[in-house]
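Student: Got a minute to go through this model with me? I'd like to start with the charged pairs and then get to the packing.

Tutor: Sure, let's have a look.

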Amino acid sequence: MRGDGDIKKATADKVGTICRAIRRAILERALAPADKLPEDSLGERFGVSRTIARHALGQLASEGLVELRRNRMAVVATPSFEEARDDFDIRIELERLVVRALVGRLTPAQLRDLEAHLAAEEAAHGGPEANSIRLATEFHVLLAEMTKKPILIRYVSEIAYRSCLALATFGRPHSSECAVSEHRRLLEALASGDGERAMALMAEHLDAVAQRALLTAPEPRGRDLMDILAPYAEAVQPQPKSGQASAKT
């Protein structure tokens, strides 16, 4: 018989699974601003109760990725142009703190991880834009994680995902080659210990990303949430052990 602690952990794990899937779907623009997120559809897709789906939507709402409307309807958030610009202004200052914490302090293992990530970004060039967008965002989250500062990691991660919503709302197609070259110059400055240059490059890079946005409304798309989230649900859900039955909590 499972105790209260086990039940709470299982619930938190399921909430986390849904949140990770929706964040990634937003990153890759499979989910767009204003897309509806019905609790019953989420519950069915992830094999959980509507209560757990509701908790996940509440978590995403606290991160600014989801808007909770009347009658318990949730939709992917649609930032205004002013909010989008504010997000990037705040993000620049937060990521200056990341640079300050890392410059001249990256370990050989961290440098190898960052080089491997840049190689993945370069390999994605010329492929689906969604992959390049996801990898570019994950580069910034990876840098934040390397600071080992939980609060900074949380805020940088959240605002990086919100920036993806801004670009999905106002963005225009652009070459991923620009972002990769900007990331490489930034890494070179971090590795060399040139703090002033690294902070300037980070600010210039994020400002350039923001300038790639245009004040245009996204085209409405009629799509099925179950189909959209299918690959993301499969990617983030743990595989059940042999003979283990799954049950909704």
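Student: First, is Arg 69 buried, partly exposed or exposed?

Tutor: Keep in mind that this is a predicted model. The relative accessibility of Arg 69 comes out at 48%. Exposed would need over 50% and buried under 20%, so Arg 69 counts as partly exposed.

Student: Which residue forms a salt bridge with Arg 69, and how far apart are the closest N and O atoms?

Tutor: The partner is Glu 67, which is partly exposed with a relative accessible area of 26%. A salt bridge needs the nitrogen within 4 Å of the carboxyl oxygen. For Glu 67 and Arg 69 the closest N and O atoms are 3.3 Å apart.

Student: Okay, and which parts of the chain does the Arg 85 and Asp 207 pair link?

Tutor: Those two form a salt bridge with the closest N and O atoms 3.4 Å apart. Both ends are partly exposed: Arg 85 has 23% relative accessibility and Asp 207 has a relative accessible area of 32%. The pair is 122 residues apart in sequence, and the parts linked are helix 4 (residues 81-102) and helix 9 (residues 195-211).

Student: How are helix 4 and helix 9 oriented, roughly parallel or roughly antiparallel?

Tutor: Their axes come within 9 Å and cross at roughly 160 degrees. The crossing is right-handed, and the contact includes Arg 85 and Phe 88 of helix 4 as well as Leu 206 and Asp 207 of helix 9. Angles over 145 degrees count as roughly antiparallel, so helix 4 and helix 9 are roughly antiparallel.

Student: What about helix 6 and helix 7, what is the handedness of their crossing?

Tutor: Helix 6 (residues 129-146) packs with helix 7 at an angle of about 165 degrees, the axes being 9 Å apart. That makes helix 6 and helix 7 roughly antiparallel to each other. Among the residues that meet are Ile 133, His 140 and Val 141 in helix 6, and Ile 153, Val 156 and Cys 164 in helix 7. As for the handedness, the crossing of helix 6 and helix 7 is right-handed.

Student: Which residues does Phe 139 touch, not counting those up to four places away in sequence?

Tutor: Phe 139 is found in helix 6 and is buried, with a relative accessible area of 0%. Leu 114 is 25 residues away in sequence, yet the C-alpha to C-alpha distance to Phe 139 is 7.6 Å. With those sequence neighbours left out, Phe 139 touches Leu 114, His 117, Leu 118, Glu 121, His 183 and Leu 186.

Student: Back to charges: which residues are linked in a network of salt bridges with Arg 24?

Tutor: The structure holds 16 salt bridges, and in one of them the side chains of Arg 24 and Glu 28 meet at 3.1 Å, N to O. Arg 24 counts as partly exposed at 33% relative accessibility, whereas Glu 28 is buried with a relative accessible area of 14%. The residues in the network with Arg 24 are Glu 28, Arg 134 and Glu 138.

Student: Where does Ala 34 lie, and what is its phi?

Tutor: Ala 34 lies in the loop between helix 1 and helix 2, and Arg 29 has its place in that loop too. Arg 29 isn't a glycine, but its phi is positive, about 65 degrees. Ala 34 isn't a glycine either, and its positive phi is about 80 degrees.

Student: Last one: which helix gives the most to the largest nonpolar core?

Tutor: That core has 33 residues, and Ile 22, Leu 31, Leu 37, Leu 42, Phe 46 and Leu 229 touch the most other members. Helix 1 (4-27), helix 3 (50-62) and helix 10 (225-236) are among the elements that each supply at least two residues. Beyond its neighbours within four places in sequence, Leu 42 is in contact with residues including Ile 22, Leu 57 and Leu 229. The one giving the most, with eight residues, is helix 1.

Methods: Residues numbered from 1 in each chain as written. Predicted model: local features only at pLDDT ≥ 70, side-chain atom pairs only at ≥ 80, totals over all residues. Heavy atoms only, no water. Core = buried A, V, L, I, M, F, W, Y, C linked by side-chain atoms within 4.5 Å. Buried < 20%, exposed > 50% of the residue type's maximum accessible area, 1.4 Å probe, protein only. Helix = DSSP H or I, 4+ residues; strand = E, 2+ residues; numbered from the N terminus. Contact = heavy atoms within 4.5 Å. Axes fitted to C-alpha atoms, helices over the stretch in contact; angles between N-to-C directions. Parallel < 35°, antiparallel > 145°, perpendicular 65-115°, else oblique. Left-handed = near helix turned anticlockwise from the far one by under 90°.
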